[in-house]
Amino acid sequence: MEVRLDPWASAVRVEYEKLFKYFGITPFTAELKEKARKAFGELHPLIRRGVVFGHRDYDKIVEAFARGEPVALLTGFMPSGRFHLGHKMVADQIIYYQRVGFETFIVLADAEAYAVRRLSRRDVINYGLYEYVANLIALGLRKERLHLYFQTNYKTPYYRLLQMFSRRITMAELEAIYGSMEPCKVMSALAQAADILHPELEYFGGFKHVLVPVGADQDPHIRLSRDIADRYEHELGLRRPASTYHRFIIGLDGNKMSSSRPDYAIFLTDPPEEARRKVFKALTGGQPTIREQRELGGHPEKCSVYELFVYHLIDDDNKLRKIYEDCRSGNLLCGECKRLAADLLEKMLSEHQRRLEKAKDLVYEYVEPPDF
Ligand code: TRP
Ligand code: SF4
């Protein structure tokens with residue numbers, strides 16, 4: 001059987017266990033988590049809770065950091081729609097590693113959004129600035145140790161990489177990784193390899209260990225970048241990047257959260273009352289009747305409301321465990337549970353949106369936008 005991840009599909013259902021078996025993604029061991037906790041001071045909650053479920057070479061990043069060697073984080077967003085809770089998971093990790101002391105590279109993949117999503121330049125640039133950059137700032141991104149750029153508006157040595165990479169990669173290899181290829185996908189894949197590998201260049205401050213936290217659908221790009229790094233080790237001094245993979249947050253309809261189904265996604269710019277209404281309509285893991293819920297208990301592990309708590313709304317592991325157990329035992333009913341989620345979400349969004357208003361005025365201090 002053939003198993004392939006498609007980074008350009010909008011609603012993939014990933015069976016995470018297969019990724020370990022077929023692609024060599026490694027699960028986090030308790031030992032590695034402990035090592036990371038020691039080195040970084042605190043584990044990121046998404047790693048602690050297993051939402052970030054696998055990695056490549058994360059141990060090497062932790063060890064390099066502990067030895068005091070230069071480490072960088074690189075990740076990115078395709079600015080093709082509004083910023084939702086799925087994007088916030090990436091943002092939370094960026095901000096965490098920036099605080100820990102990683103040099104931080106963030107790419108706004110406007111070239112990719114233009115090419116594969118067929119949006120206008122104007123739209124992707126505006127999304128980039130006023131959805132992605134503004135929300136990142138409001139969430140706590142700092143200007144220190146930050147390189148934030150649009151793919152179509154960066155430094156010459158970055159574009160040189162893209163040109164150079166085209167020489168040592170064949171169509172057959174690309175098709176083996178991605179399935180059928182077309183020019184826009186070839187360009188996007190090589191651009192993403194340049195995104196991931198450029199922080200190692202002399203021009204960008206010299207070699208550093210690069211960590212790329214992404215959703216599991218991006219692993220094909222990671223594999224390509226690691227292969228390319230091997231092939232340019234002599235010529236450019238490149239080394240393999242490391243990566244971590246998070247599960248997707250499910251939307252309120254039970255599928256992957258996506259801006260293409262806005263009724264089932266929570267956007268950080270949703271008016272809080274609207275977000276509240278969405279939560280009340282959400283698909284839960286509850287039983288069809290109250291009586292059955294009381295007798296049989298619900299299924300938090302397949303509940304979109306429970307995911308809101310795990311991914312975004314509850315920091316305290318004990319509180320989270322209590323909800324889990326109360327749901328399983330039938331003590332908690334979905335109505336009550338949704339009310340709690342809606343309250344927490346409303347509070348989070350109104351606080352965030354106050355910061356967002358100010359953040360919108362600061363975007364130009366963080367990034368230089370390209371021309372339309
Ligand atoms: N392809 C990514 C997405 O669809 C965006 C992206 C471009 C990216 N370059 C990157 C992500 C480098 C991580 C690292 O969202
Ligand atoms: Fe989901 Fe809460 Fe209902 Fe359990 S009680 S199924 S966690 S909404």
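**Exercise 1. Is Asn135 buried or exposed, by its relative accessibility?**

Solution. The structure is a predicted model, and the solutions below concern that model.
Step 1. Locate the residue: Asn135 belongs to helix α7.
Step 2. Apply the cut-off: a residue is called buried when its relative accessible area is under 20%.
Step 3. Because the relative accessibility of Asn135 is 0%, Asn135 counts as buried.
Step 4. List its contacts. Apart from neighbours within four places in sequence, Asn135 touches Phe83, Leu268, His352 and Leu356.
Step 5. Place these residues in the domains. Domain 1 is assigned to 16–251 and domain 2 to 262–359. Asn135 and Phe83 therefore fall in domain 1, while Leu268, His352 and Leu356 fall in domain 2.

**Exercise 2. Describe the interface between domain 1 and domain 2.**

Solution.
Step 1. Begin with the separation: the centres of the two domains, taken over C-alpha atoms, are 29 Å apart.
Step 2. Count the residues in contact. Domain 1 contributes 22 residues and domain 2 contributes 24.
Step 3. Consider the area. The size of an interface is often expressed as the accessible area lost when the parts come together. Here, domain 1 and domain 2 bury about 2100 Å² between them, and 61% of this lies on carbon and sulfur atoms.
Step 4. Identify the leading contributors. Of the area that domain 1 buries against domain 2, 32% comes from Arg49, Arg82 and Leu85, more than from any other three residues.
Step 5. Turn to the polar component. Between the domains there are 16 residue pairs in polar contact, with both residues at pLDDT 80 or more.
Step 6. Assign the domain 1 side to elements. Those giving two or more residues to the side that touches domain 2 are α3 (45–48), α5 (85–100) and α7 (121–139). Helix α7 gives the most, with six residues.
Step 7. Classify that side of domain 1: it has 12 nonpolar, three polar and seven charged residues.

**Exercise 3. How many salt bridges cross the interface of domain 1 and domain 2, and which residues join into one network?**

Solution.
Step 1. A search of the whole structure finds 26 salt bridges. Across the interface of domain 1 and domain 2, the rule finds three.
Step 2. Examine one pair: the side chains of Asp317 and Arg48 form a salt bridge with an N to O distance of 2.9 Å.
Step 3. Compare a pair between two helices. Glu346 and Arg276 meet in a salt bridge at 2.4 Å, N to O. Glu346 lies in helix α17 (residues 334–360) and Arg276 in helix α13 (residues 272–281), so this pair ties together parts that are 70 residues apart in sequence. Glu346 is partly exposed, with a relative accessible area of 23%.
Step 4. Identify the network: salt bridges with shared partners connect Arg48, Arg49 and Asp317.

**Exercise 4. Set out the surroundings of the salt bridges Arg37 to Glu34 and Asp270 to Lys278.**

Solution.
Step 1. The side chains of Arg37 and Glu34 meet at 2.7 Å, N to O.
Step 2. Because Arg37 and Glu34 are three residues apart in helix α2 (residues 30–40), about one helical turn separates them.
Step 3. Arg37 is partly exposed at a relative accessible area of 36%, and Glu34 is partly exposed at 32%.
Step 4. In the second pair, the closest N and O atoms of Asp270 and Lys278 are 2.8 Å apart. Both Asp270 and Lys278 are buried.

How values were computed
Residues numbered from 1 in each chain as written. Chains lettered and ligands numbered in written order. Heavy atoms only, no water. Contact = heavy atoms within 4.5 Å. Buried area = accessible area lost by both parts, 1.4 Å probe. Salt bridge = Lys/Arg side-chain N within 4 Å of Asp/Glu carboxyl O. Polar contact = N/O pair within 3.5 Å; in protein donor to acceptor, adjacent residues only side chain to side chain. Helix = DSSP H or I, 4+ residues; strand = E, 2+ residues; numbered from the N terminus. Nonpolar A, V, L, I, M, F, W, Y, C, P; charged D, E, K, R; others polar. Buried < 20%, exposed > 50% of the residue type's maximum accessible area, 1.4 Å probe, protein only.
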